[in-house]
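Q: Please take a close look at one part of this protein for me, and then connect that part to the rest of the chain. I am in my first year, so I would be glad of careful steps.

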Amino acid sequence: MREAVFREVYFGVCYDMEMTENGKNDSCPAELPNYCANRHWSIFWILILCSTATLAGHLVTIKNHNARGESSFFSANDRSRWSTIRALVEDGTYVIDRVIERDQPIDWDTIDKVQHVGADGKLHFYSSKPTLLPTLLAGIYQVVYSATNMTLSDHPVVVSRIILLIFNLTIWFAFLYFLALTINAIPVRDWSRYFVLACGGFGTYLLTFSVSLNNHVPAATCVMIATYLLMQIYRQESTSTIRSMACGIFSGLAASNELPALAFLAIAGLICFFRQPQKALTGFLPGVILVGIGFFGTNYLAHQDWKPAYAHRSDGNQIATVSGDSIAAELDTGKFPNRIAEKLGTLGIRFERPAVNLGQWPTKKDESRRWVVRDEFSSQQIALVQNSAEPETIQILAWNNWYDYAGSYWLSGNDDQKSFVDRGQQSKLTYAFHLLFGHHGIFSLTPIWLLSFTGGLIWLFGRQPQSSRFSMRWFAGMTLIVSIVVIGFYINRPAIDRNYGGVCCALRWLFWLAPLWLVSMLPVVDWLGKSKLGQTFCLVLLSVSVVSAFYAIGNPWSYPWLFEIWDWTGIQK
């Protein structure tokens, strides 16, 4: 039986769409938008399997030529996660002290680590990365170890490749599969669907980063799955509590891997609540809570603290103050003033052999000087701060900066050893330009995103189908809000964090938005696809994007090609 007949409107052109109960169009004329799902999937599978096979070929041959020995680790970033995985399975702890020791065949050390007092009362090193993803991957490592009796310590290349093949191939296949499901549910021409899936499979930096262990591709896959489920919920195609819970789980997992994805999580929750209030409360919300338990639970197991490691980047609360003209001068000479020792003694805090050093952590605007006091016989630490407004008063602060330790890469005293980008871009305007159109530009390196921006505006302000069920205005609005919030968040970060994601092939912090941007390009691609000239234009943009993606596929932790040819000596000034 026929379920409904409605008139589809795109760019002022009307199409009569006759839908059956299973959501397909029986007549399915080739020149009109249609829902011929079976015909699409023969091409979809070719694109999905070719992209997945391409990734598999790179995963079985990856090798870092810059390490002391052959390894599958490309940077301090992925070594940080690998260290946690190895420590959990081989040592049964999140402490990575033994893992990062020197004099190993390959380099395991990382700058992405923190130091704080552990459960045993002693100082230990830990990965600074959120704990949930490495904990889940440690489960895969445990299975590999049980099946092969090989460890990351003895066989780092083979074991890491096996883990990457299992995990990265799975999430990459899932990303492309749910992208195909999503675009197949939107009434556009066949060519438009094939083009967007090709963009997803070959034209984004998600493929580039899929050869390494990272949080960006898992986050993007979670957003893609959640987007597909969200579309079903919005269209009332599913009233299942399980699907609503799945949407909550994947939205939560996206946020657990990318903190700014909280914006996506919040909007997804609102959409679920307004479309299916009861299911949102009994499905979506419990799904998010389940992920929250895993995120904060593993974090507490690792650090005995509910806050993630990256939240410990500043001094703790003030515990006392001491006044005196000569205190600052004594501290500058490395002495531990008696007045401070006496004050701490009244609080039950004693230093057996205090070592005083001038603090090298980037100071706040109201701080004139900062000192760090560490006890050489214990794990006791405090920070002392002289405020510019009250130079005679010394604030005694509890220790909370886990990144401030001897030899830390992030200390201001190491600026001469840092890469250009890690020093931070002082000008927000310059940073915004290069983030969008410059050497790390979203639109300059991956110009297919120009189609996404245009397509989003068409869906947002253009005429929509008479059947509100097929309207995509909600999706365009969500994508626009989330994109503006996330980009604005990174532009307005402190100067030390305006570093383009460090030494990597593109602005990796925005990769998880790719699912939203891929779907958003459909309407403009559909319009351009009506002519050969329009198709050629789309293919040119895709070609440049593919070149950018494959340029760094041998090592995603390298500068973009545009950065390497940029006259960036002037930018540093």
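Is the residue Lys 113 buried or exposed?

A: The model is a predicted one, and in it Lys 113 is buried, with a relative accessible area of 10%. The limit for this word is under 20% relative accessible area, so the 10% of Lys 113 falls within it. Its partner is Asp 109: the two side chains meet in a salt bridge, with 3.0 Å from N to O. Asp 109 has 17% relative accessibility, and it therefore counts as buried too.

Salt bridges can also share partners, and in this way Arg 86, Glu 90, Asp 91 and Arg 98 are joined into one network. Within this network, Arg 98 forms a salt bridge with Asp 91, where the closest N and O atoms are 3.0 Å apart, and Glu 90 forms a salt bridge with Arg 98, where the closest N and O atoms are 3.4 Å apart. The relative accessibility of Glu 90 is 24%, so this residue counts as partly exposed. Arg 98, at 36%, counts as partly exposed, and Asp 91, with a relative accessible area of 32%, is partly exposed as well. The whole count for the model comes to 16 salt bridges.

To place these residues in a wider setting, it helps to turn to the chain as a whole. The protein chain has 20 helices and 9 strands, and of its 573 residues 58% count as buried. Its accessible surface comes to about 24,000 Å², and 59% of that surface belongs to carbon and sulfur atoms. If one takes the contacts between residues at least 6 apart in sequence, 68% of them join residues at least 24 apart.

Helix α5 shows what burial can look like along a whole element. This helix covers residues 190–202, and its 13 residues reach 18 Å from the first C-alpha to the last, close to the 18 Å expected at 1.5 Å a residue. Of these 13 residues 12 are buried, so α5 is largely enclosed by the rest of the structure. Among the buried residues of α5 are Asp 190, Arg 193, Tyr 194, Phe 195 and Leu 197.

Helix α8, residues 241–257, can be read in the same step-by-step manner. Its 17 residues should span 24 Å at 1.5 Å a residue, and its end C-alpha atoms are 24 Å apart, which agrees. At the N-terminal end, Ser 240 caps α8, with a side-chain oxygen that lies 3.2 Å from the backbone nitrogen of Ile 242. The buried residues of α8 include Ser 244, Cys 247, Gly 248, Ser 251 and Asn 257, and what covers the buried residues of this helix includes α3, α7, α9 and α10.

Two of those covering helices, α9 and α10, lead on to the surface. Leu 270, Phe 273, Phe 274, Leu 281, Leu 285, Ile 289 and Ile 293 form a nonpolar patch there, with about 730 Å² of accessible area together. The elements that give two or more residues to this patch are α9 (262–275) and α10 (277–303), and α10 gives the most, with 4 residues. One member of the patch, Leu 285, has its place in helix α10, and with a relative accessible area of 42% Leu 285 is partly exposed.

A last stop is a loop, where the contacts of a serine can be followed one by one. Ser 378 sits in the loop between β7 (367–375) and β8 (381–387), and this residue is partly exposed, with a relative accessible area of 37%. Its side chain makes a polar contact with the side chain of Asp 375, at 3.3 Å, while the backbone nitrogen of Gln 380 lies 3.2 Å from a polar atom of the Ser 378 side chain. Ser 378 and Arg 353 are 25 residues apart in sequence, and their C-alpha atoms are 8.7 Å apart in space.

To return to the question, Lys 113 is buried, and its side chain meets that of Asp 109 in a salt bridge.

Definitions and conventions
Residues numbered from 1 in each chain as written. Predicted model: local features only at pLDDT ≥ 70, side-chain atom pairs only at ≥ 80, totals over all residues. Heavy atoms only, no water. Salt bridge = Lys/Arg side-chain N within 4 Å of Asp/Glu carboxyl O. Buried < 20%, exposed > 50% of the residue type's maximum accessible area, 1.4 Å probe, protein only. Expected span 1.5 Å × (residues − 1). Patch = residues over 30% accessible without salt bridge, like charges linked within 9 Å, V, L, I, M, F, W, Y side chains within 5 Å. Areas by Shrake-Rupley, 256 points an atom, 1.4 Å probe, with all protein chains shown as cover. Polar contact = N/O pair within 3.5 Å; in protein donor to acceptor, adjacent residues only side chain to side chain. Contact = heavy atoms within 4.5 Å.
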